[in-house]
Amino acid sequence: MNTEDNKNSFEWVWYVIGLLTGMASILSVTTSFGWVILGGILGLIFAGVFLNKIVKGREY
């Protein structure tokens, strides 16, 4: 990936969405801080799977 691809890459948005969605979904079920952190980690994992397996190589 060259510098121009890095400038136009918005993959970080999907990771932020995954993190916030994972944390919000666990927060709606329980208020324990440890579970909220775990939900954020799971959200990041699902965002990575989404980007690297489902939409890999897709042109926008």
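The following questions and answers concern a predicted model of a protein.

Q: How many helices and how many strands does the secondary structure of the protein contain?
A: From the N terminus on, the elements run α-α-α. The secondary structure of this predicted model therefore comes to a count with no strand in it: three helices and zero strands.

Q: What is the distance between the end C-alpha atoms of helix α3, and what span should its 22 residues have?
A: Helix α3 covers residues 33–54. The expected span is 1.5 Å times one less than the number of residues, so the 22 residues should span 32 Å. The computed distance between the end C-alpha atoms agrees with that expectation, at 31 Å.

Q: Which residues of α3 are buried, and which helix is included in what covers them?
A: Buried residues make up 17% of the 60 residues in the protein. In α3 the buried residues are V36, G39, G40, G43, A47, G48 and L51. What covers these residues includes the helix formed by residues 11–29, namely α2.

Q: Is L51 buried or exposed?
A: L51 is found in helix α3. Its relative accessibility is 5%, and the limit for a buried residue is under 20%, so L51 counts as buried.

Q: With which residues is L51 in contact, leaving aside its neighbours within four places in sequence?
A: L51 and Y15 are 36 residues apart in sequence, yet their C-alpha atoms are 8.9 Å apart in space. Y15 is one of the contacts of L51. The full set is E11, W14, Y15 and K56.

Q: How many aromatic pairs does a search of the whole structure find, and which residues have the paired rings?
A: The search finds one aromatic pair. Its ring centres are 5.3 Å apart. The pair links distant parts of the chain, with one residue in helix α2 and the other in helix α3, 36 residues apart. The residues are W14 and F50.

Q: Is the pair of W14 and F50 stacked, edge-to-face or tilted?
A: Planes under 30 degrees apart count as stacked and those over 60 as edge-to-face. The planes of W14 and F50 stand at 50°, so the pair is tilted.

Q: What accessibility class do W14 and F50 have?
A: The partly exposed class lies between the buried limit of 20% and the exposed limit of 50%. W14 has 41% relative accessibility and therefore belongs to this class. F50 has a relative accessible area of 29%, so F50 also counts as partly exposed.

Q: Is F46 buried or exposed, and how far is its C-alpha atom from that of Y15?
A: F46 lies in helix α3. At 61% relative accessibility, over the 50% limit, F46 counts as exposed. F46 and Y15 are 31 residues apart along the chain, and their C-alpha atoms are separated by 8.7 Å.

Q: What is the area of the nonpolar surface patch that includes L38 and F46?
A: The protein exposes about 5000 Å², of which carbon and sulfur atoms supply 67%. L38, in helix α3, has 36% relative accessibility and so counts as partly exposed. The patch is made by F33, W35, I37, L38, I41, L42, I45, F46 and V49. Its area is about 920 Å².

Note on methods: Residues are numbered from 1 along each chain as its sequence is written. This is a predicted model: local features need pLDDT of at least 70, side-chain atom pairs count only at pLDDT 80 or more; totals for chains, interfaces and linings use all residues. Side-chain values use heavy atoms; hydrogens and water are left out. Helices (H or I, at least four residues) and strands (E, at least two) are DSSP runs, numbered from the N terminus. Buried means under 20% relative accessible area, exposed over 50%, partly exposed in between (1.4 Å probe, protein chains only). Contact means heavy atoms within 4.5 Å. Rings of Phe, Tyr and Trp (its six-membered ring) pair if their centres lie within 6.5 Å; planes under 30 degrees apart count as stacked, over 60 as edge-to-face and the rest as tilted. Accessible areas come from the Shrake-Rupley method with a 1.4 Å probe; for residues, only the protein chains shown count as cover. Patches are made of residues with over 30% relative accessible area and no salt bridge: like charges are joined within 9 Å, nonpolar side chains (Val, Leu, Ile, Met, Phe, Trp, Tyr) within 5 Å. A salt bridge is a side-chain nitrogen of Lys or Arg within 4 Å of a carboxyl oxygen of Asp or Glu.
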